[in-house]
Amino acid sequence: MEFNRPDTLYDVRTHYCPGCGHGIIHRLVAEVIDELGVREKTIGTAPVGCAVLLYDYFNCDIIECAHGRPPAVATGIKRTLPDRIVFTYQGDGDLAAIGTNETIHAANRGENITVIFINNAIYGMTGGQMAPTTLMGQKATTAQTGRGNNQEGPPLKVCELLSSLDGVTYLERVAVSSPKDVTRAKKSIKKAFEYQIAGKGFSLVEVLSMCPTAWRQTPLQAVSFVNDRMKEVFPLGVFKDLTSESAGPAEMKDRDEK
Amino acid sequence: MSKKLKKVLLKGNEIMAEAAIQAGCRFFAGYPITPQNEVPEYMSARMPEVGGTFIQAESELAAINMLFGASAAGARCMTSSSSPGISLKQEGISYIVAGELGCVIANVQRGGPGLGNIRASQADYFQAVKGGGHGDYRLIVLAPATLPELYELTMNAFDYADYYRNPVMILSDGILGQMAEPVELKPYAPILELPEKDYVLDGCAGREPRVLKTLHLFPVMDLMEHNIHLRAKYARISSELKLVEQIRTDDAELVIAAYGITARVAKGSVSLARAKGMKVGLIRPITLWPFPDGAFCELASSAEKFLVVEMSNGQFIEDVKLATECKKPVEFLGTGGGWYPTAENIFEKIQAVYGEKPSPSFARVQARGRL
């Protein structure tokens with residue numbers, strides 16, 4: 001088997017730092033779009049944050065949105081062109097801080113879109129400020145002694161939060177911090193796109209990802225941080241799958257066992 | 001013999017929504033706020049009938065961003081709100097301008113600042129005509145004074161939006177929105193030859209992918225060039241789209257300047273003044289941006305004095321002074337806080353300022369000839 005660049009990715013060098021997870025996740029999304037044969041009917045949204053420049057990497061139509069608004073923008077596109085494939089690609093600040101409202105309501109309306117949510121527990125683009133998903137005790141430039149010392153509250157758990165909404169179809173948390181995790185992440189992303197193609201409603205895949213630069217770690221330390229620290233706070237698993245018989249409490253149990 | 005058109009009696013907010021439907025608007029997103037609620041209510045019932053989309057958004061911010069998406073996908077789209085909600089929309093408006101997309105935004109103005117009240121107001125003039133959100137931009141701003149005009153201008157707004165690829169604001173107010181008067185349902189016909197939408201994001205089948213971005217980081221001159229392009233567009237709009245109505249200004253010594261519902265009230269005071277033999281006229285901008293400065297400038301030569309009437313503490317008056325280049329005194333009657341002047345109020349002011357000599361200080365400044 002040849003290892004080629006997916007058609008949905010341009011053959012260009014990205015601006016991402018060494019050890020960053022965005023490159024892996026971009027590739028997974030692009031592979032899925034290729035495999036489903038929907039590149040020419042896909043419209044992606046770029047967020048504000050490190051992935052703002054994804055329009056330079058994805059070989060499909062892209063709209064670049066205001067911070068936190070991709071679910072609203074995607075709603076406008078999808079409702080206008082219901083037979084196209086619309087995805088958002090958002091970081092934790094974008095999706096779970098400034099855009100929490102747009103996220104919750106697009107999810108609850110059951111908008112037939114696919115949300116790829118990158119959780120790296122930090123604001124990368126702006127230089128390492130505290131994110132809504134920053135772990136307790138984790139240091140950030142705006143929480144210099146660690147989260148928890150200035151009434152920041154605990155990290156926001158997006159999949160857990162959205163799993164209470166009846167309008168949501170599919171929620172899964174995955175990671176890209178090991179080969180096994182990457183394989184699982186790809187399956188999950190593919191399912192989220194397949195559900196959209198089948199008109200099944202709102203899907204969100206949360207991807208735990210590395211940010212060695214803003215974490216002030218080496219790429220290897222960053223991988224360990226995801227595996228040892230983040231997965232503890234953000235357990236992997238399917239939080240909701242309306243189309244699966246195993247959805248609901250059983251899935252939650254399965255997740256807990258991991 | 002032309003067929004007699006159907007006349008309907010609807011509220012201003014409803015007739016505006018119907019005009020949008022007639023003009024092919026097929027996407028509406030809005031959020032409840034008084035006094036504009038009839039717009040989303042009407043749209044929620046009407047959109048499904050024509051196969052369009054109505055969304056009650058979670059916020060005005062979400063609504064305007066839904067328009068950003070819908071417009072990028074090629075839809076004729078609209079949102080409406082009232083003053084505090086329009087403030088929330090400013091973020092999205094700036095992005096829509098930056099992306100050079102068209103859409104129609106209606107502001108059924110109410111009193112401010114803050115939550116203010118729910119009475120009619122013209123207090124959002126600056127916000128509407130000077131940009132409103134961040135960055136350097138303009139909206140095309142239309143100010144109807146009657147419901148037939150509201151109906152027609154709303155249809156035209158969609159053409160301007162598509163033709164110039166810029167958001168258009170309909171600057172209504174609580175009175176226009178809530179009053180009812182008979183309107184002929186003229187069928188929509190484009191007033192401009194509309195260009196093909198070759199920028200739409202609908203999937204790249206058979207073409208290169210399109211990117212609609214509002215970030216211009218590289219090369220470093222990119223954003224400046226984009227601004228030069230926008231400035232040229234605004235210059236073009238300015239040269240092509242200045243609409244104004246003048247009533248009895250030919251021989252007027254005193255010219256009342258007013259727009260929207262206030263101009264309609266002022267028409268009554270012109271009649272009262274004329275009945276007393278006073279040479280009073282009215283100039284009413286229909287486009288607030290681009291501002292019809294040429295018409296004002298001409299009147300600054302023929303008339304002796306201006307009287308600006310507006311439902312705010314003095315915003316529109318600044319553009320009148322700029323357009324008349326301060327050649328003649330400009331008197332002011334403003335009612336802020338959600339209050340409106342009556343024809344009698346304006347007539348009283350006319351009596352007070354008509355024929356009155358300019359103040360010595362104005363005469364001194366004028367004598368220096370540096371204005």
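## A tour from the core outwards

Begin with the largest nonpolar core of this predicted model, which has 191 residues and in which I116(A), V207(A), V104(B) and V141(B) are the residues with the most contacts inside it. Colour helix α6(B) next, since the largest share of this core, 11 residues, comes from that helix. Domain 1 (7–194 + 211–240) and domain 2 (247–368) of chain B both give residues to the core, so the core lies between them.

Stay with V141(B) and display what surrounds it. Leaving aside its neighbours within four places in sequence, V141(B) is in contact with A128(B) and V129(B), with M169(B) and L171(B), and with T287(B), L288(B) and W289(B).

**The two domains of chain B**

Now colour chain B by its division into domain 1 (7–194 + 211–240) and domain 2 (247–368). The centres of the two domains, taken over C-alpha atoms, are separated by 28 Å, and 28 residues of domain 1 of chain B are in contact with 23 residues of domain 2 of chain B. If you select the side of domain 1 of chain B that touches domain 2 of chain B, you will find that α5 (125–129), β6 (140–142), β7, α7 (174–178) and α8 of chain B each supply at least two of its residues. Of these elements, α5(B) gives the most to that side, with 4 residues. The residues of this side of domain 1 of chain B divide into 17 nonpolar, 7 polar and 4 charged.

**The open sheet**

Select the strands of chain B that form an open sheet of 7 strands, which can be followed in the order β3-β2-β4-β5-β7-β6-β13, with mixed pairing. At the edges stand β3 (53–56) and β13 (287–289) of chain B, each with a single partner strand, so one side of each is left without a neighbour in the sheet. Looking along the sheet, you can follow a twist that averages 20° from one strand to the next.

Zoom in on strand β2 (residues 27–30) and strand β4 (residues 77–81) of chain B, which run parallel and are joined by 2 bridges. For one of the residues involved, F27(B), the bridge partner in β4(B) is C77(B). Then add helix α3 (residues 60–72) of chain B, which lies across β2, β3, β4 and β5 (103–109) of chain B and runs at about 165° to β4(B).

**Where chain B meets chain A**

Keep α3(B) selected and bring chain A back into view: 31 residues of chain B are in contact with 27 residues of chain A. On the side of chain B that touches chain A, the elements that give two or more residues are β3, α3, α4 (83–98) and β9 of chain B. The largest share of that side, 8 residues, comes from α3(B), the helix already seen lying across β2, β3, β4 and β5 of chain B. By residue type, this side of chain B divides into 18 nonpolar, 8 polar and 5 charged.

Next select β9(B) together with strand β2 (residues 61–64) of chain A, because these strands of the two chains pair in the parallel sense over 2 bridges. Within this pairing, I63(A) stands opposite L212(B) in β9(B).

**Backbone details to inspect**

Two cis peptide bonds in chain B can be visited in turn. One joins T34(B) and P35(B), with omega about 5°, and P35(B) has its place in the loop between β2 and α2 (38–46) of chain B. Another runs from F218(B) to P219(B), with omega near -10°, and P219(B) is found in the loop between β9 (211–212) and α8 (222–240) of chain B.

Finish with two residues whose phi values deserve a look. A121(A) has a positive phi of about 60° although it is not a glycine, and it lies in the loop between β4 (114–119) and α5 (158–162) of chain A. Is A121(A) buried or exposed? With 28 C-beta neighbours inside 10 Å, A121(A) counts as buried. In chain B, select R165(B), a residue other than glycine whose phi is positive, near 50°. The place of R165(B) is in the loop between α6 (147–164) and β7 (167–173) of chain B, and with 18 other C-beta atoms within 10 Å, R165(B) is partly exposed.

Notes:
Residues are numbered from 1 along each chain as its sequence is written. Chains are lettered from A and ligands numbered from 1 in the order in which they are written. This is a predicted model: local features need pLDDT of at least 70, side-chain atom pairs count only at pLDDT 80 or more; totals for chains, interfaces and linings use all residues. Axes are lines fitted to C-alpha atoms, for helices over the stretch in contact, and angles run from 0 to 180 degrees between N-to-C directions. Two residues are in contact if their C-beta atoms, placed from the backbone, lie within 7 Å. A residue is buried if 20 or more other C-beta atoms lie within 10 Å of its own, exposed if 12 or fewer, and partly exposed in between; C-beta atoms are placed from the backbone. Ala, Val, Leu, Ile, Met, Phe, Trp, Tyr, Cys and Pro count as nonpolar, Asp, Glu, Lys and Arg as charged, and the others, Gly among them, as polar. A nonpolar core is a set of buried Ala, Val, Leu, Ile, Met, Phe, Trp, Tyr and Cys residues joined through C-beta atoms within 7 Å. Domain bounds come from an automatic or database domain assignment.
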